[in-house]
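Here's a quick walk through a single model, with an eye on its strands and its charged pairs. Have the coordinates open as you read.

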Amino acid sequence: MDPLTEPDPKSEAIPQGRQAFDPRWIPAERVASRIFVIIFALASAITLLVLFFLEIIPLKGLIALSVVWVLLVFPMAYFGQRWPAWEYPYCGWRLTDQSLDLWKGLVKRRQVRVPRSRVQYTDVTQGPVQRRFGLGTLQVHVAGTEAATISVPGLPHELALRLRDELLDGGGDDGV
């Protein structure tokens with residue numbers, strides 16, 4: 001598909017009822033986590049070595065900080081790979097005539113209901129990892145709330161585009 005050509009928003013119906021994130025969300029989150037851990041690990045290791053060679057920290061300090069580094073990096077890598085699969089059953093969304101509902105979270109659960117009449121505008125974003133997996137994030141900008149932007153990740157890109165258009169087309173009463 002040409003990246004400048006968007007699919008017809010009316011070509012497929014938007015799923016009804018509670019919907020889970022796309023299963024591709026799990027490997028996409030795992031890849032994003034790997035990238036983060038690799039960058040963090042390399043940057044912090046290089047920083048430790050530079051501080052040691054500049055004689056800002058002694059050898060004992062380098063050893064102690066290296067142990068702390070290992071105790072941080074390995075659990076980050078482990079949980080970064082496991083967390084998306086653990087969290088996936090607790091994530092989802094639903095579009096009704098009155099609202100867009102979102103729930104997410106394994107430990108700290110968050111449930112958000114956005115009345116369609118409060119939707120100001122919508123965006124669909126795709127980072128490089130999401131693009132690789134064919135996913136997108138629907139961002140809904142809402143009027144008059146504490147959390148002015150609600151993000152719905154883990155959507156197939158085409159569905160995110162259809163939802164974006166549906167929220168603006170069929171939003172019902174404009175609240176005025």
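What follows covers the sheet, a strand pair, and then the salt bridges.

## The open sheet

Keep in mind that this is a predicted model. Its 4 strands line up as S1-S2-S3-S4 in an open sheet, with antiparallel pairing. Strand S1 (19–20) and strand S4 (110–115) sit at the edges, each pairing on one side only.

Start at the S1 end: S1 and strand S2 (residues 92–95) are joined in the antiparallel sense by 2 bridges. If you want a spot to click on, Ala20 has Gly92 of S2 as its bridge partner. Then look for helix H4 (residues 157–169), which lies across S2 and strand S3 (99–104). The helix runs at about 40 degrees to S2.

## S6 and S7

Strand S6 (residues 135–142) pairs with S7 over 6 bridges, again in the antiparallel sense. Here Leu135 stands opposite Pro156 in S7.

How many of the 8 residues of strand S7 are buried? The count is 6, so S7 (residues 149–156) is largely enclosed by the rest of the structure.

## Salt bridges

As a general point, side chains of opposite charge can pair when their charged atoms come close. This model holds 5 salt bridges. One of them joins Asp22 and Arg24, whose closest N and O atoms are 2.9 Å apart. Asp22 has 13% relative accessibility, and since buried means under 20%, it counts as buried. Arg24, on the other hand, is partly exposed, with a relative accessible area of 34%.

Next up is Arg113 with Asp101, where the closest N and O atoms are 2.7 Å apart. This pair ties together distant parts of the chain: Arg113 belongs to strand S4 and Asp101 to strand S3, 12 residues apart. Which of these partners is buried and which is exposed? Arg113 is exposed, at 56% relative accessibility, while Asp101 is buried, at 3%.

## From helix to loop

Glu166 and Arg116 make another salt bridge, with 3.2 Å between the closest N and O atoms. It also links distant parts of the chain, since Glu166 is in helix H4 and Arg116 is in the loop between S4 and strand S5 (119–125), 50 residues apart. Glu166 is partly exposed at 25% relative accessibility, whereas Arg116 is buried at 5%.

Finally, salt bridges with shared partners connect Arg94, Asp101 and Arg113 into one network.

Key
Residues numbered from 1 in each chain as written. Predicted model: local features only at pLDDT ≥ 70, side-chain atom pairs only at ≥ 80, totals over all residues. Heavy atoms only, no water. Pairing = 2+ DSSP bridges. Contact = heavy atoms within 4.5 Å. Axes fitted to C-alpha atoms, helices over the stretch in contact; angles between N-to-C directions. Buried < 20%, exposed > 50% of the residue type's maximum accessible area, 1.4 Å probe, protein only. Salt bridge = Lys/Arg side-chain N within 4 Å of Asp/Glu carboxyl O.
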